[in-house]
Structures are given as C-alpha cells and as structure tokens.
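Below are some notes for a colleague, set out as numbered points to be read alongside the coordinates.

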Amino acid sequence: MTHGHAASVARNQSLFREVNERIEKFAGGSPSPVGAEFLCECGRTSCLEAMPVEVAEYEAIRSSPRRFLVKPGHEQLEVERIVERGEAYLVVEKTDAGAEIAAELDPRSRVSGQV
Ligand SMILES: [Zn+2]
C-alpha cells in the first residue's frame, strides 16, 4: 500500500461521513426513535449501500474522527482495522496516513460557524 492510496480512501470516506451526518440530523429530529439507514462509508465510489443503524450507535462511532461505518465485507484491511462488529455493520478505524486525513476532515473538528 502507498500513503497515496490510504489518503484517497480516507478522503472518500470523509465525504460519505458528511452525508451520514445529515442523515443522522434528519433522523434525530424525527419523532420516532428508530434507526435510520446510513450509507456505507467504505469509500468506494461505486458503493451506494445503506444499512440500518440506530442513531445512538452511529453517534458512538462518530465520537472518534478516525472511525467509519462499513458493511461487512467492505472493510479494507490494508488501510484500516476492525474495531467493532454490529449485526449489519462493521466499525473500522483508520490507520497511518488515512487516520490523519480522516481526523483533519472530520466535520465536527472544524471551527464552528461553517455550514
Ligand atoms: Zn461499501
């Protein structure tokens, strides 16, 4: 693996994370406490899969800027490692160069005031 590859995967994953952030906000504002369908954050541009995850569970994943939600089988072990296995999803944590970029692009670590 090259750092370039790890970096581009992390950038793509960060884009999917931004979409999921919006899904979470929307789901969190709805009257029903059930889960929402979150997009797989594996970072493959061809992947548009979604999976049901409870908002509280997604929130727990998002407490780390290096963690992403992916479908089982979509993990890329050369740039990340599995830290948690849910019923329909995996939680992966970026390693090396990808971790830095993922942390840098975390919308929650940005200065507030940007929308
Ligand atoms: Zn995927």
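1. The model is predicted, and the points below should be read with that in mind. The protein chain holds 3 helices and 5 strands, and from the N terminus on these elements follow the order α-β-β-α-β-β-β-α. Of the 115 residues in the protein chain, 39% are buried. Among contacts between residues at least 6 apart in sequence, 56% join residues at least 24 apart.

2. Helix H1, residues 3-28, agrees with the span expected of it, because its 26 residues at 1.5 Å a residue should cover 38 Å and its end C-alpha atoms are 36 Å apart. Many positions could be listed for its buried side; among them are Ala-6, Val-9, Gln-13, Phe-16, Asn-20, Glu-24 and Ala-27, and the list also includes the charged residues Arg-17 and Glu-21. The cover over the buried residues of H1 includes strands E1 (36-39), E3, E4 and E5 (90-94), together with helices H2 (55-61) and H3 (96-104).

3. The zinc ion is coordinated by the SG atoms of Cys-40, Cys-42 and Cys-47 and by ND1 of His-74, at 2.0 to 2.3 Å. The angles among the 4 donor atoms run from 107 to 114°, and the site is tetrahedral. For comparison, the ideal angle for four tetrahedral donors is 109.5 degrees.

4. Along the chain, the donors of the zinc ion are spaced as C-x1-C-x4-C-x26-H. The site thereby links distant parts of the chain, with Cys-47 in the loop between E1 and strand E2 (50-53) and His-74 in the loop between E3 and E4, 27 residues apart.

5. Are the zinc donors Cys-47 and His-74 buried or exposed? Both of these residues are buried. His-74 counts as buried because its relative accessibility is 15%, which lies under the 20% cut-off. Cys-40 counts as buried at 1% relative accessibility, and Cys-42 counts as buried at 0%.

6. His-74 itself sits in the loop between strand E3 (67-70) and strand E4 (80-85). Once its neighbours within four places in sequence are set aside, His-74 is in contact with Cys-40, Cys-42 and Cys-47, and also with Arg-44, Glu-49 and Glu-80. As for covalent links between cysteines, the structure holds 0 disulfides.

7. A search of the whole structure finds 1 aromatic pair. The ring centres of Phe-38 and Tyr-58 are 4.3 Å apart and their planes meet at 15°, so the pair is stacked. This pair, too, links distant parts of the chain, since Phe-38 belongs to strand E1 and Tyr-58 to helix H2, 20 residues apart. Phe-38 is buried, with a relative accessible area of 0%, and Tyr-58 likewise counts as buried, at 0% relative accessibility.

8. A last point concerns Glu-78, which lies in the loop between E3 and E4, where His-74 is also found. Glu-78 counts as partly exposed, with a relative accessibility of 40%. Although Glu-78 and Ala-6 are 72 residues apart in sequence, their C-alpha atoms are 8.2 Å apart in space; Ala-6 is one of the buried residues of H1.

Technical notes. Residues numbered from 1 in each chain as written. Predicted model: local features only at pLDDT ≥ 70, side-chain atom pairs only at ≥ 80, totals over all residues. Heavy atoms only, no water. Helix = DSSP H or I, 4+ residues; strand = E, 2+ residues; numbered from the N terminus. Buried < 20%, exposed > 50% of the residue type's maximum accessible area, 1.4 Å probe, protein only. Contact = heavy atoms within 4.5 Å. Expected span 1.5 Å × (residues − 1). Disulfide = S-S within 2.5 Å. Phe/Tyr/Trp six-rings, centres within 6.5 Å; stacked < 30°, edge-to-face > 60°. Donors = N, O, S within 2.8 Å, 3.2 Å for Na, K, Ca; no water. Tetrahedral: all angles 85-135°; square planar, octahedral: opposite > 155°, others 65-115°.
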